[in-house]
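Welcome! Take a moment to look over the sequence and the model, and then we will walk through a few places together.

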Amino acid sequence: MLTEFLDFLGSLHPLIVHLPIGIILLTIAIDVFMRNKNNSVHRVITMGWFFTFFTGLLAALFGWFLGDNGYYFESQINIHRWSGIALVSLSFIIWVLRYINFRFSKPFNRSLNLTTIILLMVTGHFGGEMTHGQNYLFENLPYIEKEISLVKLSEAKRSKADSLMVYEDLIHPILEEKCMACHNQNHAHGRLNMSAFESMVKGGNSGAGIKKGKPYESLIYKRVSFPHDHPKFMPPAGVPLSYDQIATLEWWIDNGAEKQIPVTSVRNDAKIQRMIEMQYGLDLKEKTFLETLKLASPSPERLNSIQGEKYFFRYLNPEQSFMDLKFTKKEIKTKDLINIQKVKKNIVWLNLMDCMLKDDHLSYLNDFPNLTRLKIQKNPLITNKGIEALKNLENLSELNLYGTQVSDAALITLGQIQSLKKLFLWNTRITPQAIADFKAQHPDIEIVAGL
Amino acid sequence: MHCNDHHHENKNYSRRDFLTKTSLGLGALSLGSMISPVNAYGQSEFLNLLDSEKMKLPHFVPKAKRVIYLFQSGAPSQLDLFDYKPKLNEMFGKEVPKSIIGEQRLTGMSSGQNSFPMAGSLFQFNQHGQSGAWMSELMPYTSKIVDDLCFIKSMYTDAINHDPAMTMIQTGSELPGRPSIGSWLSYGLGTDNKNLPEFVVLVTKGKNGQPLYSRLWGNGFLPSQHQGVQFRSGKDAVLYLDNPPGVSSGIREEQLKSLEKLQRIQHADIGDPEILTKISNYEMAYRMQTSVPEVMDVSDEPEYIFDLYGEDSKNPGTFAANCLLARKLVEKDVKFIQLYHRGWDQHGNLPKDIKKQAKETDQATAALIQDLKQRGLLEDTLVIWGGEFGRTNYSQGMLKPDNYGRDHHPRCFTIFMAGAGVKKGITIGATDDFGYNIAERPVHVHDFQATLMHLLGIDHEKLTFKFQGRRYRLTDVHGNVVKEVLA
């Protein structure tokens, strides 16, 4: 009964708190702007300080009750609480000094006024942070990048989206912010402790917190998605869970509510994926090899080896490290390949089409670690023997062999390239039957072999 | 540095400023290094010294390295080719509801009509491929490759007449004077083959219809080496390229070298960046003396390739022959190849005329895409087919059971794309049952341009050129990448 009454008084805090604010400002304004003050003006100012103290005291008291009911963390309230109390105390002292007609020197009076205003701003600001969120002050300034995420992920975590876990990185922080002030180890309202995974699933007095795979039978989901005026709606005070947060929770429970579900598994649901990407500033799209590759630009000495008319290259990224290189002359020599080898780390696309490339030459290509696209079409001297060298290209995804002499046996070699996605085999000796067999074995590899 | 009297007349730009800025880049300049014109050449574009964004090109790893834009000038009727509207057949001859036309401004050609009778297409539509794309019987060859295509049925534009609409889709503005798409790409990405221009234009010969102006492939305010170069059919593919009679190649080379020296003196003197452009144009022309005849020569092509592109492909200057040429240019790493095929402006007699047009383009378009595909070139080449706007769902002039015409319609039209980085077998956007308004996912011309740039690794908001006091870009202040298109 008493607790409930105190909770009621606590809820009056936002109502009362604006009275002392107005009175302080008015009192100081009169003090500063009215020159030649007579006695009655002085009396008004003294009275002003009294009302500041009195209403401030009420506000502080109600605020204490509000802070005590467990909906806020101590770390959030701390500064607000104590600067508020300091403000009330200061106004009390000023009132007493004025009441006993203590003689203020002008600088002393000014510094008291200034201190009061500063304390008022500090208190007000931290109060505002609690009701309007951490960055309420600047979020609507023009040119300020809007903070989209409600629950924050660190930059380090955001850059490693592949290793994030739904429970640990998404669900737990939501529950921490919205629920755990009342449902924690020391302070488990309704005997529900949500700070640990197991106890949260287990639930409290009303039953199991989570039924895996069944969001609509899980109490935690039900309570946060009730209509807001429902008596059991959670959280009972403060900002409710956002639509996106509830949807994330629903998706997680629906998908088994296990501790070890990676965030990337939201790829099974485009809507929730988009929602989480927006909410957390994540990019959950599946990355190609090049999108994850970090490389430094080739050194000037290495670049020197591919100067001249024979080689043409351009960079494919703003960091100027991925190279797309082609050989421009009609006949390639071993020493050209040795030159190209000098920048092998940086070459991601390589075009050696139609330049009399021979089987021996291909052995110089066997360790290009970042090569993803290789074009050696229209080189009629290339046979199965040369292809052997390519099986070590561990990131090769596209290989163009049209117009070479490769035959069915080459497919056995090519099948060993794990990263291969596309193969161009038009005008080779490879038979349709061999292609059909290869397709059956490697359904992920697309083969283009003519019309 | 010495002083020329006539410079004092120009009070707006101090000679000292001018020379200080332009001479900065001269040391770094070398004709041979055209790998990245931004690095080698960008400095001398004194107006753009500050455009540091351009230094970072491409902005991300591109999907496409080259573009073939099969421009269908005159605006092909989407309602008779791609956008199947059985409702129009059901309501054949009935008035288009007022609520559908709304506030749309009509051209002077049909605004005076008392009646706007709906004209359902006379052509049969069928679904094709695994994607089930609707195609009319006019395009039998293209129908066979729909699973390689990405249709956008909800394109729209601002202009209602040909010239502004073409200028819009080619340059991003209805007003003449802006650089064409190909020029922007040449400016931003440089060349991949210094023996050929980055931007080549091929126009189907002997076609009538809306006029084509060379400013459609013009460089606008960009340095003039970025303009499109038209390759003509016949003996002189590029005009005035051959040496005059009696002048040998050696003499020509010497002559050009001496000329270059003079030009460099002139440039050091007055610093006009166009002088450098001129030097590079002479150089390019010299190299093209051998490279152009080589690329224009189709005698090596096997018979089955001609069969693929259709019988027209042996007749130089036809759309089919130009498609084959486009493939050859792509093989040579020409960056942007713009074909124009005129004659789609069918205000009357549409059913008869469109048949002819479709026949001229259908087989070669499909052949080009297939040919690129089998060679592995479709992986990094983007092919686009489309006009400048759409055509009305009502008949311009008298509607007869077997004849109608269609007026210009900017509110919706269809284009299709294939190749690098574009989803296959997909249709984006939709029009309403009357084929008059967009019902789903509108794609403005600027969105299309932004998407095209994106596929080439360019952020359309970052590739700018400062001219007359402000920075311009292809999409001006508009355009959003159509993400649905991206594979």
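This is a predicted model, and a good place to start is strand S11 (residues 413-419) of chain B. In this strand, 7 of the 7 residues are buried, so S11(B) is largely enclosed by the rest of the structure. To count as buried, a residue needs 20 or more other C-beta atoms within 10 Å of its own.

Which strands pair with S11(B)? Strand S4 (residues 149-156) of chain B does so in the antiparallel sense, and strand S8 (residues 381-386) of chain B also pairs with S11(B) in the antiparallel sense. The table sets out the bridges.

| Strand of chain B | Partner | Bridges |
|---|---|---|
| S4 (residues 149-156) | S11(B) | 5 bridges |
| S8 (residues 381-386) | S11(B) | 4 bridges |

You can find these pairings residue by residue: B:Phe151 stands opposite B:Phe416 in S11(B), while B:Leu382 stands opposite B:Gly419 in S11(B).

Now let us visit a helix. B:Thr361 has its place in helix H13 (residues 350-374) of chain B. Is B:Thr361 buried or exposed? B:Thr361 counts as buried because it has 28 C-beta neighbours inside 10 Å. Setting aside neighbours within four places in sequence, B:Thr361 is in contact with B:Phe319 and B:His341. B:Val295 lies 66 residues from B:Thr361 along the chain, and the C-alpha atoms of these two residues are separated by 22 Å.

Finally, turn to chain A. Its domain assignment gives domain 1 (2-132), domain 2 (155-280) and domain 3 (300-448). Taken over C-alpha atoms, the centres of domain 1 and domain 3 of chain A are separated by 77 Å.

Notes: Residues numbered from 1 in each chain as written. Chains lettered and ligands numbered in written order. Predicted model: local features only at pLDDT ≥ 70, side-chain atom pairs only at ≥ 80, totals over all residues. Helix = DSSP H or I, 4+ residues; strand = E, 2+ residues; numbered from the N terminus. Buried ≥ 20, exposed ≤ 12 C-beta atoms within 10 Å, placed from the backbone. Contact = placed C-beta atoms within 7 Å. Domains from an automatic or database assignment. Pairing = 2+ DSSP bridges.
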